[in-house]
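Hi everyone, thanks for coming. Let's have a look at the structure together, and then I'll talk you through the cysteines and the ligand site.

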Amino acid sequence: MHFSPQDRLFVLTGAGISAESGLATFRGSGGLWNGHRVEEVATPEAWDANRELVWRFYSQRRRDALAAEPNAAHKALAKIEQLLAKTDPANFYLCTQNVDDLHERAGSHRIHHMHGSLFESRCSRCNQPFSDQSFYEDPNNLPSCKICAAPIRPHIVWFGEIPLDMDAIYRELNRASILLVVGTSGSVYPAAGFVHIANQRNIRTVYVGPEEPLNIDAFDEVILGTATEALPALFD
Ligand code: OAD
């Protein structure tokens with residue numbers, strides 16, 4: 001895949017890019033949604049019903065992410081950003097559905113976590129996010145806001161909530177010349193619809209992953225392979 005200095009690359013990543021770092025994806029065998037029911041841990045209703053269970057789930061995910069390291073695919077994206085940024089830093093934008101911090105640890109800068117961040121929490125009433133690497137696994141010691149005493153929740157976008165900063169995402173997508181999608185099953189909207197928007201704008205679209213996503217028909221090119229096999233080779 002060759003870039004010209006004028007290219008503006010919009011990258012969308014999903015759980016698949018962190019799979020080879022040892023983090024479970026959501027769907028499929030061994031996926032997180034196999035061991036947990038989404039409605040029990042990733043909805044506002046789950047939070048209202050059982051905060052202890054929700055915090056146990058996200059505390060374990062914090063542990064897993066802390067133990068993981070960025071892989072060659074995360075690093076390849078950081079490298080291509082560095083290259084494109086020489087012309088204009090705005091020529092690269094990484095939108096991730098992932099809540100882990102492996103892209104940042106690999107060196108990515110222009111990155112947006114549309115589904116929130118595992119290492120941030122926020123007061124369920126004041127809503128101001130703050131950095132947080134703690135584990136909340138003791139049901140008698142769940143966190144609450146020091147200002148208003150409302151429960152502190154993970155800074156994660158749950159099902160039924162609106163992804164973060166969609167205006168900025170659509171602004172970046174509209175000015176892109178290439179949409180590269182990596183490791184996402186194409187089953188959760190609005191992210192699964194970015195490829196359709198790109199098609200309306202004549203933006204070249206490329207998918208990378210070992211299996212066909214649900215929205216495969218919408219892509220111009222599909223590269224079947226794992227992220228660490230395919231991405232570094234794509235940017236050579
Ligand atoms: P999924 O679990 O739905 O899909 C993971 C994708 O990664 C699949 O298409 C796999 O084929 C692919 N994959 C597996 N191993 C890979 C590898 N080594 N390299 C590249 N790709 C690989 O995860 P997402 O599509 O990210 O939302 O899920 C989207 C959203 O659904 C998540 O952000 C999460 C979830 O429920 C919320 O929690 C709000």
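**Cysteines and the ligand site**

With 9% relative accessibility, C145 counts as buried, where buried means under 20% relative accessible area, exposed over 50%, and partly exposed in between (1.4 Å probe, protein chains only). C126, at 39% relative accessibility, is partly exposed.

A quick word on the background: this is a predicted model, where local features need pLDDT of at least 70 and side-chain atom pairs count only at pLDDT 80 or more, while totals for chains, interfaces and linings use all residues. Residues are numbered from 1 along each chain as its sequence is written, and side-chain values use heavy atoms, with hydrogens and water left out.

So how many disulfides are there? The count is zero, taking a disulfide as a pair of cysteine sulfur atoms within 2.5 Å. For C126, the nearest cysteine sulfur belongs to C123, 3.4 Å away. For C145, the nearest is that of C126, at 3.8 Å.

Now to the ligand. There are 23 residues around the ligand, and F26, R27, T184, S185 and E211 come nearest; a residue is near if one of its heavy atoms lies within 4 Å.

Which atoms pair up in polar contacts, meaning N or O atoms within 3.5 Å? One ligand oxygen is 2.4 Å from a side-chain N or O atom of E211, and a ligand oxygen is 2.6 Å from a side-chain N or O atom of T184. A ligand nitrogen also lies 3.3 Å from a polar backbone atom of G16.

Notes:
Polar contact = N/O pair within 3.5 Å; in protein donor to acceptor, adjacent residues only side chain to side chain.
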